[in-house]
Amino acid sequence: MADNRDHWASRIGFILAAAGSAVGLGNLWKFPYITWHNNGGAFVLVYLVCVLIIGLPIMMAEILIGRRTQKSPVPAFEELGNRGWGFVGLFGVLTGFVILGYYSVIAGWSILSFWQCINWSISGYVAPPEGAFGEFLADAPSQILLSLTFLVATAFIVWRGVSKGIEKAAKFLMPVLFAILAYLVIRVLFFPGIGQTFEFLFRPNFSELPTTGVLEALGHAFFTLSLGMGVMITYGSYMRKSESIVRSAGTVVFLDTIIALLACVIMYTIIFSVPGMEDSISASAIGMLFMTLPRLFYTELSGGVLIGPLFYILVAFAALTSTISLLEVIVSFFIDKLKMKRHSATVLSTCIVIFCSIYSALSLGAVGFLSEFEIFGDKPGVLSTLDHLAANWMLPLGGLFTTIFVGWFVSRKLALEQLRMVDKTGRPTFYFNLWRFFIRFIAPAAIIAVIIAVILGKDFS
Ligand code: TRP
């Protein structure tokens with residue numbers, strides 16, 4: 001065991017960093033979109049069940065692998081299993097490159113939206129001409145520059161290390177994020193659309209749930225909780241023995257879920273408060289977050305001059321703490337396995353990621369063949385292809401291997417030792433047995449169902 005390994009300096013360090021990883025574009029951009037398209041209520045309920053019975057157990061499983069071995073995913077799988085299992089870790093590193101390669105491009109848009117809002121707040125709102133967003137997407141220099149900015153900011157924090165970089169950043173970014181979110185929620189509580197929002201979100205009507213919605217909810221549970229590629233193994237490996245895995249995992253899952261719901265409350269209430277708006281919501285997720293909302297902020301809301309910029313700081317901060325975790329998985333692999341120094345590992349992995357992200361950045365119209373490139377039907381362009389590849393294939397597969405590994409190859413004793421779910425007499429609690437049952441049977445079965453559904457043609461990206 002590496003005794004000079006950097007650790008979280010405080011108990012809250014892991015929780016904030018892991019919650020930072022989980023809360024991201026998945027919560028603020030993807031969840032409101034898929035919930036909208038799956039007609040709310042029933043979908044939300046199914047999603048909550050997925051998070052609770054599959055997401056939470058897998059998160060505990062990932063953290064326990066990391067905490068026990070104090071190693072990053074590849075050596076961790078090798079230590080608890082054998083060399084062959086190391087490939088699961090390697091697969092996670094590869095997934096990290098894939099996700100970062102497109103996530104950074106979308107994250108970059110939040111910088112632009114922020115900048116645009118600042119300008120509008122200062123000099124007054126000017127409606128962008130028709131098609132302006134499409135032009136922006138096809139503008140090569142803007143796309144490359146914005147994603148590059150985002151990646152450099154990410155690298156700067158990862159470069160500084162676990163306690164001095166990632167933890168410090170999370171301790172600053174997450175409270176700001178919570179504060180902005182709280183402010184926005186309080187604001188929209190007084191908007192006329194609030195009642196309709198609650199009805200939409202919390203009144204389940206199963207006849208309105210598309211059959212594919214169940215599987216979509218499960219796929220998203222992986223993405224939003226950052227499971228299936230080793231983030232929680234890596235972050236868990238910086239956790240001290242004295243901390244409780246169960247409590248930490250529970251807090252992270254709770255925060256992630258509540259923030260996804262609050263993001264819906266904010267966005268839907270604004271939309272429902274403007275008569276006729278709900279019908280004209282554009283069909284794309286990108287549209288809702290980066291096109292419709294800014295317009296509504298400035299044309300329909302009192303106080304939009306403040307809400308606009310704040311909202312995009314929120315998006316940028318949420319995305320930043322997520323990209324940090326993705327890069328850290330790659331960097332920790334280079335450090336642990338290739339014996340590199342953190343600084344050179346950070347530079348090397350950032351360069352590779354930048355290389356991948358350029359392809360995504362140019363695939364939104366700037367370069368013809370990159371924009372038309374298609375492996376999966378109906379998903380033209382490198383960016384959509386990578387998103388599809390990661391969300392539909394790589395994360396569920398990584399998650400499946402993790403549950404099989406922890407459920408069937410890691411001993412019950414070792415798991416109990418890490419989770420410490422024992423009663424006063426030292427016997428495993430009911431909840432420990434329940435966890436193990438979910439990890440061995442329910443979670444793998446559910447993931448296999450998703451994979452089969454994907455093979456049969458359902459898209460989760
Ligand atoms: N969970 C983040 C979000 O919701 C994205 C993310 C960060 C992620 N790290 C990950 C997704 C690892 C999958 C795997 O935006």
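Two exercises on the ligand site and a pocket follow.

This is a predicted model, where local features need pLDDT of at least 70, side-chain atom pairs count only at pLDDT 80 or more, and totals for chains, interfaces and linings use all residues. Residues are numbered from 1 along each chain as its sequence is written, and side-chain values use heavy atoms, without hydrogens and water.

**Exercise 1.** Find the polar contacts (N or O atom pairs within 3.5 Å) of the ligand with Ala 22, Asn 27 and Ser 226.

*Solution.*
- Start with the backbone. A polar backbone atom of Ala 22 is 3.0 Å from a ligand oxygen.
- Go on to side chains. Asn 27 places a polar side-chain atom 3.4 Å from an oxygen of the ligand.
- Take the ligand nitrogen. One such atom lies 3.0 Å from a side-chain N or O atom of Ser 226.
- Check the cover. Alone, the ligand exposes 360 Å² (Shrake-Rupley, 1.4 Å probe), and the protein buries 100% of that.

**Exercise 2.** Describe the residues around the ligand by class.

*Solution.*
- Count the shell. It holds 17 residues (a heavy atom within 4 Å), and Leu 25, Gly 26, Tyr 103, Phe 223 and Ser 226 come nearest.
- Sort it. Nine are nonpolar, eight polar and none charged; here Ala, Val, Leu, Ile, Met, Phe, Trp, Tyr, Cys and Pro count as nonpolar, Asp, Glu, Lys and Arg as charged, and the others, Gly among them, as polar.
- Set a pocket beside it. The lining of the second largest pocket has 14 nonpolar, six polar and two charged residues. A pocket is an open set of points on a 1 Å grid, probed at 1.4 Å, with protein on both sides within 12 Å along at least five of seven lines; lining residues have an atom within 4 Å of a point.

Note on methods. A polar contact is a pair of N or O atoms within 3.5 Å; within protein, one must be able to donate a hydrogen and the other to accept it, and residues adjacent in sequence count only if both atoms are side-chain atoms.
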